[in-house]
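Please open the model in a viewer and follow the selections below in order. Each stop names what to select and then describes what is found there.

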Amino acid sequence: MSSKVRRVYVEKKPPYAVKAGQRLEEIRTFLGVKGITSLRLLIRYDCEDIRDDVFETACRCVFSEPPVDVLFRDSIAIPEGSRVFAVEALPGQFDQRADSAVQCIQLLNPDSNVTIRTAEVYILEGAISDEEFARIKKDVINPVDSRETSMEIPDTLKMDYPEAPDVRIFAGFTGMAEKDLQDLYDSLGLAMTFRDFQFIQDYFKNEEHRDPTMTEIRVLDTYWSDHCRHTTFATEITDVTFDDGYYKVPMETTFQSYQDSRAELFKDRPDKYPCLMDLALIGARKLKAEGKLTDQEESDENNACSVVVPIEVDYGEGPVREEWLLFFKNETHNHPTEIEPFGGAATCLGGAIRDPLSGRGYVYQAMRVTGAADPTRPVSETLEGKLPQKKLVTGAAQGYSSYGNQIGLATGEVTEFYHPGYVAKRMEIGAVMGAAARKNVIRENSAPGDVIILLGGRTGRDGMGGATGASKAHTEKSLSTCGAEVQKGNAPTERKLQRLFRRPEVSHIIKKCNDFGAGGVSVAIGELADGLQVNLDLVPKKYEGLDGTELAISESQERMAVVVDPKDQETLLRYAAEENLEATPVAVVTKESRLVLNWRGRAIVDISRAFLNTNGAHQESRGSCGGKGLFRGLYGCPLRPERLLPEGPCGAL
């Protein structure tokens, strides 16, 4: 076994160097660097703790494909006068190339404990000024997910992670004067409003009689974010006016119809108030009240929309008629795609897939709808703090297709709308359909004593604050400060979850399931039962150094929380091992209606379910609807007053 760091470079042979050619053309045309004459792109692999014979085999069949690649060991010859730089993923970001290489080497040697890091190396030749070289690096390196790295071979690849500090308690929080409370609120960068923060102060003062922890504040901020609880859509509409314009009359007529339906459906519900969510659902509620939605599946699981459809199935003994569940789910990743196009669009599709998947459905088709400003405009017209529209458009397309191709999903409709209104806020929508035999899907509620198992990927810092990030106002600094909010998709792991959930013997023992989307452990597990005891020390980690708050709210992708009866725990763990999936029991359901998250032997979150379910302080707003069809105020583009766009299509919708 060699413990030293071994390095190889892999470069496509000239006929196959497609990506290098595309980069060269982009630099010449889009960036306007006319003096560049050639560009070479090499993939660099650094390996540690690998046997000599395994390394030699990996050089031929893991790191490179000899028919199309050239492999260099240890170093590469750099032509005199050329400019060179290397780019690697930020520490803590998921590196799929390195992860896939590790898995392939483990197939060659199951006992391998190899560590791999990768980087892309660019060699540029030609008359390139210092300013042009800086411009090229800025185009290649997105500070949200990558950084420039040294060309030197490191002594070791092992990371020295500092021990995570204890979770902070906000001493004196319950007794703070309003000004001090406002100062604390301003320092935390929360998505919730200050009224929500005051609401939390009242709760801990009057109900818990103690000061909150940092984790409790972050968990509440996540629970009450637009992404998790649709706070904006649940804001009470106290008054609506309609401006003069082409659509004033039909809009007034439609709104009056809505009011009439409300009066009919909620005559005994004084607690129901008008809001955007109510506007969206009133039609379905009226149809259901009239007995016209009998095929809708209803359950306590927060999965995709599902309807029951009868179909004919032939299992080899002739056609039989049985009920199937048809799932539909859409997801928006506007903010993540805007700051990290490849990862944002990839996880948009991955997130949309995970909802039907958590309902034990197999996703078989997809649709992508996006909105962008003109991608042909020169890079000089890029808004401060934004990525160029061309980079957004092409990077997002590559991310979406990469994830879809790896998981094996057909996308039947791809549409991109171009409008100046999208220059300030991109739109990225992924929609999927799935299906499952109804007889294979168990819908049961959790019971005290049930075990919750974490399935799939490990937890890291990627995705930290993604839910709340989508609810914040963003500025020209967002690109450099929001990197952790973009998750990194791991399609092969999600494919393993698909295979596992398609097995009837597995789906029959799953009582309830939730995917790890927004909010991580605190929400994915927190929504499965009213009472929970979660042990964060058991959560599998990608690396050491994560503190309790990070373990609680990380949105690392391709994970599922599964509820099983204690007698079925070992059975599920065995099935997961057969699919090469990590599975770890991390929580139990309790009788007491409280969410409790334990770390290092003490509770860092201990909140009543009733308080969690308030969704924060009650919000009210007046609004007006333009006669040309544009909602304004709270309901304008893109739904929050501090994030208003120019007139035009709304990227948040």
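Select L454 and A561: in this predicted model, L454 stands opposite A561 of strand β16. Extend the selection to residues 451-456, which make up strand β13, and to residues 559-564, which make up β16. These two strands pair in the antiparallel sense, over six bridges.

Next, display the whole sheet to which these strands belong. Seven strands form an open sheet of mixed pairing, in the order β14-β16-β13-β17-β15-β18-β19. Which strands stand at the edges? They are β14 (512-515) and β19 (602-608); each has a single partner strand, so one side of each is left without a neighbour in the sheet. From one strand to the next, the twist averages 20°.

Move to the β19 edge and select β18 (594-599) together with β19 (602-608). β18 and β19 pair in the antiparallel sense over six bridges, and R594 stands opposite S608 in β19. The hairpin of β18 and β19 has two residues between the strands. Select R600 in this hairpin: R600 takes a positive phi near 55°.

Keep β18 and β19 displayed and add two helices. Helix α6 (residues 194-208) lies across β18 and β19 and runs at about 95° to β19. Helix α7 (residues 214-223) also lies across β18 and β19, but α7 runs at about 40° to β19.

The next stop is the nonpolar interior. Select F197, I200, L220, I452, I525 and L536: these are the residues with the most contacts inside the largest nonpolar core, which has 52 residues. A second, separate core of 19 residues includes V451, M560, V562 and L581. Return to I452 and show its surroundings. Leaving aside its neighbours within four places in sequence, I452 is in contact with residues including I525, L528 and L532, and its contacts also include A561, V562, V563 and the stretch T584, P585, V586 and A587. V589 is a further contact of I452.

Now colour the aromatic side chains. The structure holds 17 aromatic pairs. Select F170 and F173, whose ring centres are 6.5 Å apart and whose planes lie at 50°, so the pair is tilted. Both residues are buried: F170 has a relative accessible area of 2%, and F173 one of 0%. Another tilted pair is formed by F255 and Y258, with 5.6 Å centre to centre and 45° between the planes. F255 and Y258 both lie in helix α9 (residues 248-265), three residues apart, about one turn of the helix. F255 and Y258 are both buried.

From F170 and F173, widen the selection to Y185, F194 and F197: these five residues form one aromatic cluster. F197 was selected earlier, as one of the residues with the most contacts inside the largest nonpolar core.

Finish with the cysteines C47 and C59. How many disulfides does a search of the whole structure find? The search finds zero. The sulfur of C47 is 7.4 Å from the closest cysteine sulfur, which belongs to C59, and that is too far for a bond. For C59, the closest cysteine sulfur is in turn that of C47. Both side chains can be checked for burial: C47 is buried, at 0% relative accessibility, and C59 is buried, with a relative accessible area of 4%.

Key:
Residues are numbered from 1 along each chain as its sequence is written. This is a predicted model: local features need pLDDT of at least 70, side-chain atom pairs count only at pLDDT 80 or more; totals for chains, interfaces and linings use all residues. Side-chain values use heavy atoms; hydrogens and water are left out. A disulfide is a pair of cysteine sulfur atoms within 2.5 Å. Buried means under 20% relative accessible area, exposed over 50%, partly exposed in between (1.4 Å probe, protein chains only). A nonpolar core is a set of buried Ala, Val, Leu, Ile, Met, Phe, Trp, Tyr and Cys residues joined through side-chain atoms within 4.5 Å. Contact means heavy atoms within 4.5 Å. Two strands pair if DSSP finds at least two bridges between them. Helices (H or I, at least four residues) and strands (E, at least two) are DSSP runs, numbered from the N terminus. Axes are lines fitted to C-alpha atoms, for helices over the stretch in contact, and angles run from 0 to 180 degrees between N-to-C directions. Rings of Phe, Tyr and Trp (its six-membered ring) pair if their centres lie within 6.5 Å; planes under 30 degrees apart count as stacked, over 60 as edge-to-face and the rest as tilted.
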